[in-house]
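Trainee: I would like to go through this entry step by step. Can we put it on the screen and start with the charged side chains?

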Amino acid sequence: MSEFGGMSGIVVVYELDRPMATSSAPGMPAGAERPVRRVHAAPSTPGAPAAAGPRTLCGKDTFAMETADWKPSERLGAPWYPAGYASVVCPDCDAVIET
């Protein structure tokens, strides 16, 4: 089991779809949230356990990603990601956590 098996030190981040070229798409209200493209896991920043480090476990830059409210360490027995996003979990981040 890796150091991430216990879920301590992991921050869940969302890779969002790219912004639209126009202020809003037809049928999408202006200011609506962009859909989540992929859910990643990132190590927390030393001294700031709720902040994601600069890279996800799969190596992507977290700068433009949104930090999730989901805290894996607070949900014993639950997956590291919110269940509603299971279909968009990054397989590479998931593999690192599962090892």
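Trainee: How far apart are the closest N and O atoms in the salt bridge between Arg37 and Asp17?

Mentor: This is a predicted model, and the distance is computed from its coordinates. Arg37 lies in strand 2 and Asp17 in the loop between strand 1 and strand 2, so the salt bridge ties together parts that are 20 residues apart in sequence. A salt bridge needs a side-chain nitrogen of Lys or Arg within 4 Å of a carboxyl oxygen, and the closest N and O atoms of Arg37 and Asp17 are 3.2 Å apart.

Trainee: Is Asp17 buried or partly exposed?

Mentor: The class follows from relative accessibility, where buried means under 20% and exposed over 50%. Asp17 has 27%, so this residue counts as partly exposed.

Trainee: Which residue in strand 1 forms a salt bridge with Arg37?

Mentor: Arg37 is in strand 2, and this partner is 22 residues apart from Arg37. The closest N and O atoms of the pair are 3.9 Å apart. Arg37 is partly exposed at 33% relative accessibility, whereas the partner is buried with a relative accessible area of 15%. That partner is Glu15.

Trainee: With which lysine does Glu15 form a salt bridge?

Mentor: The lysine sits in the loop between strand 3 and strand 4, 45 residues apart from Glu15. Its relative accessible area is 38%, which makes it partly exposed. The closest N and O atoms are 3.7 Å apart, and the residue is Lys60.

Trainee: Which residues do the salt bridges join into one network?

Mentor: The search of the whole structure finds three salt bridges. Arg37 pairs with Asp17 and with Glu15, while Glu15 also pairs with Lys60. Through these shared partners the network holds Glu15, Asp17, Arg37 and Lys60.

Trainee: In what order do the four strands lie in the sheet?

Mentor: Strand 1 pairs with strand 2 over seven antiparallel bridges and with strand 4 over two, also antiparallel. Strand 2 in turn pairs with strand 3 over two antiparallel bridges. The edge strands are strand 3 and strand 4, since each pairs on one side only. The sheet is open, and the order is 3-2-1-4.

Trainee: Which residue is the bridge partner of Ile10 in strand 2?

Mentor: Strand 1 covers residues 10–16, and strand 2 covers residues 36–45. Elsewhere in the sheet, Tyr14 stands opposite Glu66 in strand 4, and Thr45 has Ala48 as its bridge partner in strand 3. For Ile10 the partner in strand 2 is Pro43.

Trainee: How many residues of strand 1 are buried?

Mentor: In a regular strand the side chains alternate between the two faces of the sheet. Here Ile10, Val12, Tyr14 and Leu16 point one way, and Val11, Val13 and Glu15 point the other way, with burial on both sides. Strand 1 is therefore largely enclosed by the rest of the structure, and the count is seven of the seven.

Trainee: Which cysteine is in contact with Thr56?

Mentor: Thr56 is in the loop between strand 3 and strand 4, and at 5% relative accessibility this threonine counts as buried. Leaving aside neighbours within four places in sequence, its contacts include Val13, His40, Ala41, Ala42, Thr62 and Met65. The cysteine in contact with Thr56 is Cys93.

Trainee: How many disulfides does a search of the whole structure find?

Mentor: A disulfide needs two cysteine sulfur atoms within 2.5 Å. The sulfur of Cys90 is 3.7 Å from that of Cys58, its closest cysteine sulfur, so this is too far for a bond. Cys93 also has Cys58 as the closest, at 3.8 Å, again too far. Cys90 is buried at 5% and Cys93 at 0%, and the number of disulfides found is zero.

Trainee: Over which residues does pLDDT stay under 50?

Mentor: The mean pLDDT of the chain is 82, and 77% of its residues reach 70 or more. Where pLDDT is low, the predicted coordinates should not be read in detail. The stretch under 50 has seven contacts beyond four places in sequence, and it covers residues 22–31.

Conventions:
Residues are numbered from 1 along each chain as its sequence is written. This is a predicted model: local features need pLDDT of at least 70, side-chain atom pairs count only at pLDDT 80 or more; totals for chains, interfaces and linings use all residues. Side-chain values use heavy atoms; hydrogens and water are left out. Buried means under 20% relative accessible area, exposed over 50%, partly exposed in between (1.4 Å probe, protein chains only). pLDDT is the predictor's confidence in each residue, from 0 to 100. Contact means heavy atoms within 4.5 Å.
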